[in-house]
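Biologist: Could you take a close look at the aromatic rings in this model and walk me through how they are arranged, step by step?

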Amino acid sequence: MKRTVGHRFALTVASFGALAAAAIVLAPLVGSTHISLRRAFDPAIPFADNVDAQIFFVARLPRTLAGALVGAMLASAGVVFQGLLRNPLATPFTLGVSAGAALGAMLAITFNWSLAWAGIPAAPAASFAGSLVAVAIVYALSRARHSGMSTNVLLLAGVTMNAFFSALILFVQYFADFAQTYRILRWLMGDLDISSYEPLVTALPLVLVSFAVFAWLARPLNLLSLGPESAGTHGLDVTRAQRAAFVSASIATGAAVSVGGPVGFIGIIVPHLVRLLVGSDHRIVLPASALFGAAFLIACDVVARTAMAPVELPVGVVTAILGGPFFLWLLVRKR
Amino acid sequence: MRVLAALIALLVTSEPLPVVSGFSRTVAETVGASGFSRTEPAPRPFQSPQRIISLIPAVTEMLFAIGAGPQVVAVSSFDRYPPEVEQLQRVGALIDPDVERILSLRPDLVAIFGSQTNLRAQLERAHIQVFAYTDEGLADIANTMRAIGIRVGRAQSGESAARDLEARIAAARKRVSGAVKPKTLIVFGREPLTLRGIYASGGLGFVHDMVEAAGGANVFGDIQRKAVQATTEQILARLPEVILELRSNPLAPETRRREIAAWRPLAALPAVRNTRVYILGDPRTVIPGPRIAEAIELIAETLHPEAFR
Amino acid sequence: MLQAADVTFAYRGHAPVLRGVTMEVPANSFVGILGPNGSGKTTLLRLLAGILPPSTGRVVLDAVDLRLTPRSRVARRMAVVPQETHLAFDYSVSEVVLMGRYAHLGAFEIEGPVDFAIARDALAATGTLQFEDREFGTLSGGEKQRVIIAAALAQLTGAAGEGILLLDEPTAALDLAYQLELADLLRDLQRRTPMAIAISTHDLNFAAGLCRTLVLLKNGEVLAAGETEAVLTPDRIRALYGVEAEVTRHHLTGRLVVVPLRRVPAESRA
């Protein structure tokens, strides 16, 4: 016990924070188009005429920030779900949140829902609503048999919800035409090209609330890994902690998905890599995962938009190519 | 291409969702619509088909244009023109052809997409003649009309309709030949009210050819694909002078205003600065059929209004 | 201090596992809950620990119903050592022991030097200080159990009042050497720090050699309760286990020893 938790926390936040900061600063400098930074930051040129500035501030910077937000949310939600389900293979999508989000987005795209009167694009709003519906159903199911929250029932309810929503998605797909199917498929592959700061501003309150709850959850998650009964005899209000974990991680996932689509594998690769580096204390793992997740997704997005220039890969493809073998390695290695 | 698309679909849908086969099949069929099979030569002992089913709106229009309309007994779910098709039965489309209904109508010729290999196999097993349609570009439209003409026993009508089309297209080309071709971003679709998910036309396909004929220079013409997922950065890098969004249905004025306004964040684009963002809600621009010449004239007038005064 | 008052418990939709059980764990006592499989002894322990709520009756700690006592206060007075501990993630031994301090810290408070000192003392008291930086999952069963006991000690340190340590089937997974060590450890701990200890076990001799009072459970009811010498008689053993046994005091250890002799035919069981 050479370093206290406080010490290690500061060290971790500093180092991973530097990594995330570096990613945020460097990523907008890279792209398939060559731009002149001098011109981009030249205040003499009016913004409306400054192509370099627009590429930097409209195309690349929002995209980088979206990568940071989505990466941080999915990675930390992954940590929380793994702690809640006491299973290192759990992901933010295990309990049906992303299936609900996908169904919402699909319905909006297929039936051309439009919130034009409110000036809000329909697909992200519908996707967030869909994720909330999925969460509510899973939550209600998990409470049906006990007054507390059994993680086994939670897991079963989540898996059932995934299957059910996936069936609905297939059903809706048959109403979709050619163009809509392309749009849906593209949404499913993840897309961080948000081209404006609005989605980030809209998601920000949800991010802050989720992170605040995660901070409170760090120590309870440590205790939960002893098992719910042991956690209870240590003095933890297990039901309250489980509910808080489930709801906050689901909201974080739903918000991330509504910004960038369901980008896979972040929620499992990042927590594992982080635990290999810093141990299992959630008070360190959570902030480290959020920061590393941000950096990691930004890096994946840079690869996605430069590897096959001028054509861009969807970012979900890059995370899948990295994640598939990683997942296999996780399953294969003996612990 | 088909394999890559299916593989991508498989990879990314297996983690967030266990929805695999439906999507990969859909993508394969959708992408394969621009496959590589050629239209077939006419069969040898020849009898004019009397009961024709068409799954392709463009082919339906061609059939009616060459006078074979009365022989058409059913069309796809997306057919709208000519008005006579509203009375006809519907048998599905590319993704969901209703095989049972097709068979129950006892057709003697069915026009299907070249990528609908399953459907083709089923029809051939039932000894029904098949016309496999593919869309390779503007020139293909006239040639398809010729081929259809031969196939339904109206070779002369087919030939003259094809010639008329080619002449009309040539006339439109000539009309704008002197003008400078503006760099044009051709948008198939995007998410409503935002600039997300922009699909633009690449350098292949009839849409690209159509706009080129109308006197525009496709900003993505160098990319040898039919469709390009255009990101904000790519669009900013290519600085289009005109943005042309093609939709199959007309827009309400308020919606049109909002959708045009969605391009405002990209103020550096000449198209946005000079308010040359056009949203055409005309089905003629998205159907590679006999009315394509009208579409070319419409687009030419949009791009070069001065040539039409 | 800790009492079960006329407690009945049934899992939802099932027959009662415990019926009208009254027993207590007084200060500085060493109580053994004995009975055959299915007698309800683990359930009783879980009720005493507050893990399960009684269907009827009350479990009382310092004259206050457990259900009305704040969780953290209960945790500072009472700690449970379960039969097995499986961690979902890899924690070090010192991290596991420090988890015992949860009830003593505020929501965002981190462990201070006092907590570290308590943790190390607890490890030293259970003879596991040398494992402090090892990963918990790499220890043997006996070593893990001692670490969990250390965590329980850390949990009870600084309580206002005497601590209560509950152990569920502590010898179930241990071989002979570790059983002896555990017995010595528990005696030693109780000598050093005043605390009450209650164990549920099916191991007669372990309980006989260690516990000063016994509660015999049969089919969810208390067959007998009281001082070990008084309660652990051949008649009682016959009634509880259907086994004819001899109970003697061992000439070397001085402790009670039960030697099973033969099974009793069904008709003559009490």
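**Aromatic rings and their neighbours**

Modeller: In this predicted model, a good place to begin is B:Arg291, which lies over the face of B:Tyr81 at 3.5 Å from the ring centre. A second arrangement of this kind involves B:Arg175, whose charged end sits over the ring of B:Phe308, 4.3 Å from the centre of that ring.

Rings also pair with one another, and over all chains the structure holds 12 aromatic pairs. One of them joins A:Tyr139 and A:Phe246, whose ring centres are 6.1 Å apart and whose planes meet at 15°, so this pair counts as stacked, the cut-off being under 30 degrees. This pair links distant parts of the chain, since A:Tyr139 belongs to helix 5 (residues 122-144) of chain A while A:Phe246 belongs to helix 10 (residues 238-260) of chain A, 107 residues apart. A:Phe246 is buried, with a relative accessible area of 0%.

In chain B, the rings of B:Phe113 and B:Tyr133 have their centres 6.3 Å apart, and because their planes stand at 75°, which is over 60, the pair is edge-to-face. B:Phe113 lies in strand 4 (residues 109-113) of chain B and B:Tyr133 in strand 5 (residues 129-133) of chain B, so the pair ties together parts that are 20 residues apart in sequence. Both partners are buried: B:Phe113 has a relative accessible area of 14%, and B:Tyr133 has a relative accessibility of 5%.

Finally, returning to chain A, ring pairs link A:Phe41, A:Phe47, A:Phe56 and A:Phe57 into a cluster.

Technical notes: Residues numbered from 1 in each chain as written. Chains lettered and ligands numbered in written order. Predicted model: local features only at pLDDT ≥ 70, side-chain atom pairs only at ≥ 80, totals over all residues. Heavy atoms only, no water. Phe/Tyr/Trp six-rings, centres within 6.5 Å; stacked < 30°, edge-to-face > 60°. Helix = DSSP H or I, 4+ residues; strand = E, 2+ residues; numbered from the N terminus. Buried < 20%, exposed > 50% of the residue type's maximum accessible area, 1.4 Å probe, protein only. Lys NZ or Arg CZ within 6 Å of the ring centre and 35° of its normal.
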